[in-house]
Amino acid sequence: MRSKIENKTFDDERALYNLEDYIVVNCNFAGEADGESVLKECRNVDILVCNFSLRYPLWHADKFKLLSSSMDDKTRASLWYSNFGLIEDCKISGVKCLRECSHVNINQCAILSDEFGWKCSDLCITNSQIEAVYCLFESKNVEISNIKMSGKYSFQYMENLHISNSELNTKDAFWHSKNVLVEDSILKGEYLGWFSENVTLINCKIIGTQPLCYCKNLKLINCTMEGADFAFEYSDVDADIKGSIISVKNPKSGKIIADFVDEIIMEDAVVPCSGKVILREEKISA
C-alpha cells in the first residue's frame, strides 16, 4: 500500500522533492515562502483534490496522476519534462503548461495557458476546453476529441495529429504541420493550414478568409466553407465542397469540386498552376 499525505499546506522550495509511491490528497501548495518545484522528480504519485499556487510545481514527474485539482495563474510552467501521466477534471491557468512531456492523457479539463503543450509527444486530449495563444507548437503524435479551443497560432509545426468532433476558433492553425486528419469539426479562423503537408479534412465546416494555401497533398471530403475567399492558392488539392465558395485563386494542381464558386481567379500566378475548379452540376452533366 502506498503512503499518503493528506490535508497539508506546503510552500517551501522543493517541499515534496523526489516523492515516490505516494498519494497526495487535499493539500495546498501556496504560502509566504513562495517555494518553487514543490513536486519535482516525483514518481508513481497520485495527486487528488489539491490546489497549486507556486511556480514549476510538477517537473520531471514519471507515472503521475493529477485529478480534480487546480493550478492558478501563479503556477507558471507547471508541468515540464514529465511522462506517463493522467490529468483529469482539473482547472489549469498558469502560462506555459505542459512542455516536452510525453504519453500524457488529458480529460475533462479547463485550460487557460498561453504556450500550452509545446514540443510534446504522444498526447491524448478529450472532453476539454483550451484557451492558448500558441497551442501544441512542435508536438507530435497527438489525438484530440471533443474539445473547444480558442487561440491564435495553434497546431503549428506538428506531426501526426488527429482531431475529431471539436470546435476550433484560431487563426494560422496547422501552419507547416504534417500528417493531419480532422473529422466532424468546425474550423474557424484566418489563413487556415498554410504551408501544411498531408492534411485531410472530412465532414468539416471551414470558416474564414484565405484558407488552405501553399499546401501539399491537401484533401477535403464532404466539407463546407463560409467566408472563404482566395482559397487554395498554390495548393496541391483534391477537394469536395458542399455548397459555395466565395473565390478560388490559382490552385497549383488537382481539382476542387463545389456547388458554386462566386469567382475563379486564374491569373498573375508566380508558379505554374494547373488546378481545376469543377461545379458539381457540370460534373453530373459530364
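**Aromatic pairs, salt bridges and the nonpolar core**

Phe-52 is buried, with a relative accessible area of 3% (buried means under 20%, exposed over 50% and partly exposed in between, with a 1.4 Å probe and protein chains only). The model is a predicted one, in which local features need pLDDT of at least 70 and side-chain atom pairs count only at pLDDT 80 or more, while totals for chains, interfaces and linings use all residues. Residues are numbered from 1 along each chain as its sequence is written, and side-chain values use heavy atoms, with hydrogens and water left out.

The aromatic rings make a good place to start. Rings of Phe, Tyr and Trp (its six-membered ring) were paired if their centres lie within 6.5 Å, with planes under 30 degrees apart counted as stacked, over 60 as edge-to-face and the rest as tilted. On this basis, the structure contains 18 aromatic pairs. One of them joins Phe-29 and Phe-52, which are stacked at 4.6 Å centre to centre with 5 degrees between the planes. Phe-29 belongs to strand β4 (residues 28-29) and Phe-52 to strand β6 (residues 51-52), so their pairing ties together parts that are 23 residues apart in sequence (strands, E, are DSSP runs of at least two residues and helices, H or I, of at least four, numbered from the N terminus). Like its partner, Phe-29 is buried, and its relative accessible area is 0%.

A stacked pair is also formed by Phe-155 and Phe-174, whose centres are 5.3 Å apart and whose planes differ by 15 degrees. Here loops are involved: Phe-155 sits between β16 (140-151) and β17 (159-164), and Phe-174 between β18 (167-169) and β19 (178-183), so the pair ties together parts that are 19 residues apart in sequence. Both Phe-155 and Phe-174 are buried. Elsewhere, ring pairs connect Trp-175, Tyr-191, Trp-194, Phe-195, Tyr-214 and Tyr-234 into a cluster.

Phe-155 turns up again in the nonpolar interior. In the largest nonpolar core, which has 76 residues, Phe-155 and Phe-232 touch the most other members (a core is a set of buried Ala, Val, Leu, Ile, Met, Phe, Trp, Tyr and Cys residues joined through side-chain atoms within 4.5 Å). With neighbours within four places in sequence set aside, the contacts of Phe-155 include Cys-135, Leu-136, Ile-144, Met-149, Leu-161, Ile-163 and Trp-175 (contact means heavy atoms within 4.5 Å).

Charged side chains add 14 salt bridges, each a side-chain nitrogen of Lys or Arg within 4 Å of a carboxyl oxygen of Asp or Glu. Among them, Arg-2 meets Asp-46 at 2.7 Å, N to O. Arg-2 lies in the segment before β1 (3-6) and Asp-46 in strand β5 (residues 43-48), so this bridge ties together parts that are 44 residues apart in sequence. Arg-2 is partly exposed at 28% relative accessibility, whereas Asp-46 is buried at 12%.

A further salt bridge brings together Lys-119 and Glu-138 at 3.9 Å, N to O. This pair links distant parts of the chain, with Lys-119 in the loop between β14 (110-112) and β15 (121-132) and Glu-138, 19 residues away, in the loop between β15 and β16. Lys-119 is partly exposed at 43%, and Glu-138 is partly exposed at 36%.

Finally, Asp-240 bridges to Lys-242, with their closest N and O atoms 3.9 Å apart. Asp-240 is partly exposed, with a relative accessible area of 25%, and Lys-242 is partly exposed at 34%. Through salt bridges that share partners, Asp-240, Lys-242, Asp-259 and Arg-280 are joined into one network.
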